[in-house]
Amino acid sequence: MAEEIRIDKWLWAVRIFKSRSDAAEACRMNRVLVNDSYCKPSRELREGDIVAVRKLPVTYTFRVKGLVSNRQPAKNVPLYAENLTPQSELDKLNPPRETIFISRDRGTGRPTKKERREIDALMDDLYLDESFLPDDE
């Protein structure tokens, strides 16, 4: 086992990026931090280093548990990388639904006439509040 390995190679091997060139590009674009400092793709990585990868909207954090240069099966990734990403970051992946639109299950088709009337009544209540109407001159 090597004592050091390139950061772009490790990111690809533990399946954080789909290709090594994607990992190298992320390093060049300052989306990868090793121990709180930006790095080049050729940066040597050691066991115990903390790697932060910014993939919008989330910044993933990993601790290097082992060095590996060959791409690993998904089940082996925990042997080489410990996920330290806080739950607050992971919550950004599922933003709450707070919109004016009615949520409909996929495949239920168009609203029925009754549902359409209910939606129109709801919209009238929300948008036809007299305080929002322009003043007549």
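**A walk from a salt bridge to the sheet and core**

Let's start at one side chain: Arg20 has a relative accessibility of 32%, so Arg20 counts as partly exposed. Before going further, please keep in mind that this is a predicted model.

What does Arg20 meet in a salt bridge? The partner is the side chain of Asp8, and the N to O distance is 3.4 Å. The two residues sit in separate helices, with Asp8 in α1 and Arg20 in α2. They are 12 residues apart, and the pair links distant parts of the chain. Is Asp8 buried or exposed? Its relative accessibility is 3%, which is under the 20% cut-off, so Asp8 counts as buried. This salt bridge therefore joins a buried residue, Asp8, to a partly exposed one, Arg20. Asp8 and Arg20 are also part of a network of salt bridges, together with Arg6.

How many salt bridges does the count come to? The count comes to seven, and two others are worth a visit here. Within helix α2, Glu25 forms a salt bridge with Arg28, and their closest N and O atoms are 3.6 Å apart. Unlike the link between the two helices, this one stays inside α2: Glu25 and Arg28 are three residues apart, about one turn of the helix. Glu25 has 36% relative accessibility and so counts as partly exposed. Arg28, with a relative accessible area of 52%, is over the 50% cut-off and therefore exposed. The other pair is Lys92 with Glu89, whose closest N and O atoms are 3.0 Å apart. Here Glu89 is the buried partner, at 15% relative accessibility, while Lys92 is partly exposed, with a relative accessible area of 41%.

Now let's turn to the sheet. Five strands make up an open sheet, in the order β3-β2-β5-β6-β7, and their pairing is antiparallel. Which strands are at the edges? They are β3 (37-38) and β7 (81-83), each of which pairs on one side only.

Moving inward, strand β2, covering residues 32-34, is joined by three bridges to strand β5, covering residues 50-55. These two strands run antiparallel, and across them Val32 stands opposite Val53 in β5. On the next step through the sheet, β5 pairs with β6 over six bridges, again in the antiparallel sense. Which residue of β6 is the bridge partner of Val53? That partner is Tyr60. Val53 thus has Val32 opposite it and Tyr60 as its bridge partner in β6. A hairpin through two residues joins β5 to β6.

Tyr60 also brings us to the aromatic rings. The structure holds one aromatic pair. Its members are Tyr60 and Phe62, with ring centres 6.5 Å apart and planes at 20°, so the pair is stacked. As background, side chains in a regular strand alternate between the two faces of the sheet. Phe62 has a relative accessible area of 11%, so Phe62 is buried.

Helices and strands come together in the nonpolar core. The largest such core has 24 residues, and those with the most contacts inside it are Ile7, Trp10, Leu11 and Val51. Which elements give two or more residues to this core? They are α1 (7-13), α2 (20-28), β2, β5 and β6 (58-64). Of these, α1 gives the most, with four residues.

Leu11 is a good place to view this part of the model. Leaving aside its neighbours within four places in sequence, Leu11 is in contact with Ile16, Phe17, Ala23, Cys27, Val32, Val51 and Val53. Val32 and Val53 are already familiar as the residues that stand opposite each other, and Leu11 is in contact with both of them.

Our last stop is a loop. Where is the place of Gln72? Gln72 is in the loop between β6 and β7. Although its side chain is polar in part, Gln72 has a relative accessible area of 11% and is therefore buried. A polar atom of that side chain lies 2.9 Å from the backbone oxygen of Asn70. Leaving aside neighbours within four places in sequence, Gln72 is in contact with Ala13, Arg15 and Tyr80.

Terms used. Residues numbered from 1 in each chain as written. Predicted model: local features only at pLDDT ≥ 70, side-chain atom pairs only at ≥ 80, totals over all residues. Heavy atoms only, no water. Pairing = 2+ DSSP bridges. Core = buried A, V, L, I, M, F, W, Y, C linked by side-chain atoms within 4.5 Å. Buried < 20%, exposed > 50% of the residue type's maximum accessible area, 1.4 Å probe, protein only. Contact = heavy atoms within 4.5 Å. Salt bridge = Lys/Arg side-chain N within 4 Å of Asp/Glu carboxyl O. Polar contact = N/O pair within 3.5 Å; in protein donor to acceptor, adjacent residues only side chain to side chain. Phe/Tyr/Trp six-rings, centres within 6.5 Å; stacked < 30°, edge-to-face > 60°.
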